[in-house]
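User: I would like a close look at one part of this model, namely a buried charged residue, its partner and the setting in which they sit. Please take your time and connect that part to the rest of the chain.

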Amino acid sequence: MRNAIPFFMFLLTFASYAQNTTLKVELFDEETESKVKNAALILELENEKIQASTNAEGFAYFNIGNKDQLVALSIKHYIFKDTVFTAFDKALISVNEDTLLLRIDCEFDGLSQEGVTIFSNKLPDTVYGSKELSVADFELIGSNRIILLAYEKKLKKGSQIMLYENGEILSTVRVPNKAEKLIRDFRGNIHIQCAKIMYTVYVDEYDAIKLGAIDKSYYFKYISPIVDTVHTKMYFSNYNPDYPAMDYMYVDKLDTTYKHLLNIEDELMMDLYTSEYLWVDVRTKLWAMEMESKTGIDKRIWVGANYFTQSIYYEEIYAPMFMRNDSLFVFDHYKEYMYVLNDDGEKLDSMNIYYHLDERQTGWEKLLLQDHVTGQVYSIYEKMGYTYIKWIDPNTGMALRTQKLHFRYVDKLEIRDNKIYYIYRPFESTQKKFLYEEDLIFDFEAAKVLDGDQVMN
């Protein structure tokens, strides 16, 4: 009988554990649908309270007796509003006999973003590294494929182009001239810019790299101005690095009709640009007037383009256009507006933007990057050598949620599928320049983005 009592107590204990249920809580950002990490949760039951926090995938787990014991779930996070959830009956999803799933949307607290910097949950991964070659530039041409521009000692003394995929170099070819950098055109094709010539990088069906020469002046006159294409429409600009204004237009290839979309002008820079004519010597003024009579271009523009652009006060205009889900987003940093257009160029909306102001204080790099897969746009900043990234909300134009990259003084940033890629070499190190990738704190879904088609031979 004495032996039966402990055995009976064991059965009761075992039965109580067998009846336990796992509550799996999943937190989402209601605006972006990305997972919410590192949130503090307190689950209140009838007789106790249990604490937990969401992991890197946005999940938290609780062991409970049954769902009838649930009273309330408190959620706290430094960039989301505090939430107390009680509507368990309507929200619980039965995954299996002993697991319940609870999905909750968190509301972003726009007031708490100031001064908050978020780091990635893991260290950067090395995508490509070599003891013999340094990475000078790269372009992502697919989910796993990368075109690398690499060199041994100095870029100007010789370089090579490599097709790299999943840790393996598929093909390599030497660059015939002194390479400067890689450029991606509106179709997604990769070009090597050299001092006097351009090369288009072709990848054939056998993964062999071939180079096709193209006249440099032809590229910058006829290919570089094209921003993107949608259906039969081709969007382009008349951007000139030596002029502080530009226009966006499109041409419909069906009937060759042109339509003007937007004019962008840096009014302050334009005033300085045109007033330069007043301060040059008489000989220069005579030359400018002669050029005006020959070309019809204002004499002030001739002086501004040839003299003021060489001064330390001149800044090139920067107002990029991006396409996402058949909508065009144009960032006018001078009128402080983000314009949303449809594919016919009609304005759907416009929002004030302020993320670019106070460059000296914020460290804005005058750079916006678009994710090639999700279509989201990010603003880039640098402080004390560290790079910071902010997501630009397409609905409000606000730059939200700062992420700080792990390394200092990184080069050539590119974003694809919620990951950021960059080139880095440790300071005062003998290591060659490696290509790294780092997870973003964002988790956006894929969108329709015109990234072009790789040219096949």
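Analyst: Glu 414 has a relative accessibility of 5%, and because buried means under 20%, Glu 414 counts as buried. The model is a predicted one, and in it the side chain of Glu 414 meets that of Arg 184 in a salt bridge, with 3.3 Å from N to O. Since Glu 414 belongs to strand E31 (residues 411-416) and Arg 184 to strand E15 (residues 179-184), the pair ties together parts that are 230 residues apart in sequence. Arg 184 comes out at 19% relative accessibility, and because the limit for buried is under 20%, Arg 184 also counts as buried.

The pair has further partners. Asp 137, Glu 139, Arg 184, Lys 412 and Glu 414 are joined into one network by salt bridges that share partners.

Just beyond strand E31, the loop between E31 and strand E32 (419-424) holds Asn 418. The phi of Asn 418 is near 65°, which is a positive value in a residue other than glycine. Most residues other than glycine have a negative phi. Asn 418 has a relative accessible area of 8% and is therefore buried. A positive phi also appears at Asp 207, where the angle is about 65° although the residue is not a glycine. Asp 207 lies in the loop between strand E17 (197-203) and strand E18 (209-215), and with a relative accessibility of 23% Asp 207 counts as partly exposed.

To place the Glu 414 pair among other charge pairs, one may note that a search of the whole structure finds 18 salt bridges. One of the pairs is formed by Glu 26 and Lys 35, whose closest N and O atoms are 3.2 Å apart. Here the two partners fall into separate classes of accessibility, for Glu 26 is buried at a relative accessible area of 8%, whereas Lys 35 is partly exposed at 21%. Another pair is that of Lys 366 and Glu 315, whose side chains meet in a salt bridge at 3.8 Å from N to O. This pair, too, links distant parts of the chain, with Lys 366 in strand E27 (residues 364-370) and Glu 315 in the loop between helix H6 (299-306) and strand E23 (321-324), 51 residues apart. Lys 366 is partly exposed, its relative accessible area being 24%, and Glu 315 is likewise partly exposed, with a value of 41%.

Charge is also found on the surface, in patches made of residues that have no salt bridge. A patch of negative charge gathers Glu 30, Glu 31, Glu 33, Asp 105, Asp 417, Asp 443 and Glu 445. Of these, Glu 445 is placed in the segment after strand E33 (434-439), and its relative accessibility of 58% is the reason that Glu 445 counts as exposed. A positive surface patch, in turn, is formed by Lys 153, Lys 154, Lys 156, Lys 157 and Lys 178. Lys 153 sits in the loop between strand E12 (145-151) and strand E13 (159-165), and at 75% relative accessibility this lysine counts as exposed.

The surface has a nonpolar patch as well, of about 280 Å², which is made by Val 282, Leu 286 and Met 289. Val 282 has its place in helix H5 (residues 282-295), and with 60% relative accessibility Val 282 counts as exposed.

As for the chain that carries these features, it contains 7 helices and 33 strands. Its radius of gyration is 28 Å, well over the 23 Å that the globule rule gives for 457 residues, and therefore the chain is more spread out than a compact globule. Taken along the principal axes, the C-alpha atoms fill a box of roughly 115 × 50 × 50 Å. Of the 457 residues, 46% count as buried, and Glu 414 and Arg 184, with their accessibilities of 5% and 19%, belong to that buried class.

Note on methods: Residues are numbered from 1 along each chain as its sequence is written. This is a predicted model: local features need pLDDT of at least 70, side-chain atom pairs count only at pLDDT 80 or more; totals for chains, interfaces and linings use all residues. Side-chain values use heavy atoms; hydrogens and water are left out. Patches are made of residues with over 30% relative accessible area and no salt bridge: like charges are joined within 9 Å, nonpolar side chains (Val, Leu, Ile, Met, Phe, Trp, Tyr) within 5 Å. Accessible areas come from the Shrake-Rupley method with a 1.4 Å probe; for residues, only the protein chains shown count as cover. A salt bridge is a side-chain nitrogen of Lys or Arg within 4 Å of a carboxyl oxygen of Asp or Glu. Lys and Arg count as positive and Asp and Glu as negative; His and the chain ends are not counted. The place of a charge is taken as NZ of Lys, CZ of Arg, CG of Asp or CD of Glu. Helices (H or I, at least four residues) and strands (E, at least two) are DSSP runs, numbered from the N terminus. Buried means under 20% relative accessible area, exposed over 50%, partly exposed in between (1.4 Å probe, protein chains only). The radius of gyration is taken over C-alpha atoms; the globule rule is 2.2 Å times the number of residues to the power 0.38.
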